[in-house]
Amino acid sequence: MAIHLYKTSTPGTRNGAVDSQVKSNPRNNLIYGQHRCGKGRNARGIITARHRGGDHKRLYRKIDFRRNEKDIYGRIVTIEYDPNRNAYICLIHYGDGEKRYILHPRGAIIGDTIVSGTEVPIKMGNALPLSAV
């Protein structure tokens, strides 16, 4: 993974870095919007608590935590930034044509293959049940 370091021109760009593999445009069928009307507003929508400004709209990505595509190989296509959590996420294209997001396994790069099931090898990105470990 190539990391681009910024040259400091203002105090806000000091110690800035961007990962070149990380994309930011999510798949439209794997996201949904969340209604965020809080921020110190009352029932009429008027701000009653001070210093509660607007925020950028964050769309929620549907993450596959269950990994129930058994014995179907998938390929990591993109590594993306998720604004709702600290971890990066990966877009996986499975062999049967399905696309899902998973949490990015540390050390996995674009093009790696992953699989979940009971008789899969123990390596980074694969998912096994606890009884098979």
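**Exercise 1. Determine how many bridges join strand E7 to strand E8, and in which sense the two strands run.**

Solution. In this predicted model, strand E8 covers residues 99–103, and five bridges join E8 to E7, the two strands running antiparallel. A specific pair within this arrangement is cysteine 90, whose bridge partner in E8 is isoleucine 102. The connection between E7 and E8 is a hairpin with four residues between the strands, and glycine 97, which lies in the turn, has a positive phi of about 95°.

On its other pairing, E7 meets E6 in the antiparallel sense over six bridges. Here isoleucine 76 stands opposite isoleucine 92 in E7.

**Exercise 2. Identify the residues that make up the largest nonpolar core, and state which element gives the largest share of it.**

Solution. The first step is to list the members: the largest nonpolar core holds eight residues, namely Ile76, Ile79, Cys90, Ile92, Tyr94, Ile102, Ala108 and Ile114. The next step is to assign them to elements, and those that give two or more residues are strand E6 (74–80) and strand E7 (89–94). Of the elements, E7 provides the largest share, which is three residues.

A second core, separate from this one, has five residues, including Ile63, Ile89, Leu91 and Tyr101.

The surroundings of isoleucine 102 can then be read off: when neighbours within four places in sequence are set aside, isoleucine 102 is in contact with Ile63, Asp64, Arg67, Ile89, Cys90, Ile92 and Ile114. Among these contacts, Cys90, Ile92 and Ile114 are members of the largest core, whereas Ile63 and Ile89 belong to the second one.

**Exercise 3. Explain why E7 is described as largely enclosed by the rest of the structure.**

Solution. A residue counts as buried when its relative accessible area is under 20%. Five of the six residues of E7 are buried, and therefore the strand is largely enclosed by the rest of the structure. For the chain as a whole, buried residues make up 25% of the 133 residues.

**Exercise 4. Locate serine 116, decide whether it is buried or exposed, and describe its surroundings.**

Solution. Serine 116 lies in the segment that follows strand E9 (113–114). Its relative accessibility is 3%, so serine 116 counts as buried. Leaving out residues up to four places away in sequence, serine 116 touches Arg67, Glu69, Lys70, Asp71 and Ala127. One polar contact can be specified more closely, since the side chain of serine 116 reaches the backbone oxygen of arginine 67 at 3.1 Å.

**Exercise 5. Compare arginine 67 and aspartate 71 with respect to place, phi and accessibility.**

Solution. Arginine 67 lies in the loop between strand E5 (59–61) and E6, and the place of aspartate 71 is likewise in the loop between E5 and E6. As a background to the second step, most residues other than glycine have a negative phi. Arginine 67, however, has a positive phi near 50°, and aspartate 71 has a positive phi of about 55° although it is not a glycine. In accessibility the two part ways: arginine 67 is buried, with a relative accessible area of 13%, whereas aspartate 71 is exposed, with a value of 53%.

**Exercise 6. Characterise the chain by its secondary structure, its contacts and its exposed surface.**

Solution. The chain has zero helices and nine strands. Among contacts with a separation of 6 or more, 47% are between residues 24 or more positions apart. The chain exposes about 9,600 Å², of which carbon and sulfur atoms supply 52%.

How values were computed: Residues numbered from 1 in each chain as written. Predicted model: local features only at pLDDT ≥ 70, side-chain atom pairs only at ≥ 80, totals over all residues. Heavy atoms only, no water. Core = buried A, V, L, I, M, F, W, Y, C linked by side-chain atoms within 4.5 Å. Buried < 20%, exposed > 50% of the residue type's maximum accessible area, 1.4 Å probe, protein only. Contact = heavy atoms within 4.5 Å. Pairing = 2+ DSSP bridges. Areas by Shrake-Rupley, 256 points an atom, 1.4 Å probe, with all protein chains shown as cover. Polar contact = N/O pair within 3.5 Å; in protein donor to acceptor, adjacent residues only side chain to side chain.
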